[in-house]
Amino acid sequence: MDLPVRDGGTTLITGPTLSGRRRLIHQTLRESPGQPAIVATREPATSVRSRYQRLTAGSESEPVIVDCVTNTFEQPPDDTASTKYAQGPENLTSIGMKFSDILEQRRTDQLSVGLTNLSPLLVYTSPSDVFQFVNILVQKSVGTGWPVFVTIDPSVHDASTVEQFVPLFDDVIETRRTDDGDQELRVRKPEPTNWAAF
């Protein structure tokens, strides 16, 4: 998949459920340099790893994951080198600390950062607080030389909530599902393009 995103840059992917948004972020992470580092806000680490392998046709690269879900329904195991367990999607401080652990442990490695969905964070926390959290995550990642890919479901938020995140990113890509069931994307920023199947 040849996406017009800048090396080492930051990308926001917006699209509703079944529009290919999740497939796009996983495949983009696979094609980016280095190991994927995923902040998983809706699924536990085991599910995210399984989805990543399925959507990337058995990539040899094993994601490093901040699991924001497991702690909400069961006692998670201890943190490992490849999985950190945050308190939950409502606790941005815990998520940030676990991500910082990865940053410190792998500062000399090449990683590509993905935040699977901003929408669960916005259920519990004000848009302004989530904005500050994403801004810090983006700045820390870019400062280490890591590209960042973040998704959001615009169908569950008002337009102003989604729009406030746009300035944080170099590139914005929109996805949609057509009446025929096809998945399409277009670039919105920096230079708009027409819809195309992917």
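Helices (H or I, at least four residues) and strands (E, at least two) are DSSP runs, numbered from the N terminus. The model is predicted: local features need pLDDT of at least 70, side-chain atom pairs count only at pLDDT 80 or more, and totals for chains, interfaces and linings use all residues. Residues are numbered from 1 along each chain as its sequence is written, and side-chain values use heavy atoms, with hydrogens and water left out.

**Exercise 1.** Place His157, classify its burial and find its side-chain polar partner.

*Solution.*
- Location: His157 sits in the loop between strand 6 (148-152) and helix 6 (159-163).
- Burial: its relative accessible area is 18%. Buried means under 20%, exposed over 50%, partly exposed in between (1.4 Å probe, protein chains only). So His157 is buried.
- Polar contact (a pair of N or O atoms within 3.5 Å; within protein, one must be able to donate a hydrogen and the other to accept it, and residues adjacent in sequence count only if both atoms are side-chain atoms): the side chains of His157 and Ser119 are joined at 2.8 Å.

**Exercise 2.** Which residues does Ala45 contact, leaving aside neighbours within four places in sequence?

*Solution.*
- Ala45 belongs to helix 2 (residues 45-55).
- Ala45 has 3% relative accessibility, so it counts as buried.
- Contact means heavy atoms within 4.5 Å. The partners are Ile65, Asp67 and Thr83.

**Exercise 3.** Locate Ser32 and list its surroundings.

*Solution.*
- Ser32 lies in the loop between helix 1 (21-31) and strand 2 (35-40).
- A polar atom of the Ser32 side chain is 2.8 Å from the backbone oxygen of Thr28.
- Not counting residues up to four places away in sequence, Ser32 touches Ser112, Pro147 and Phe149.
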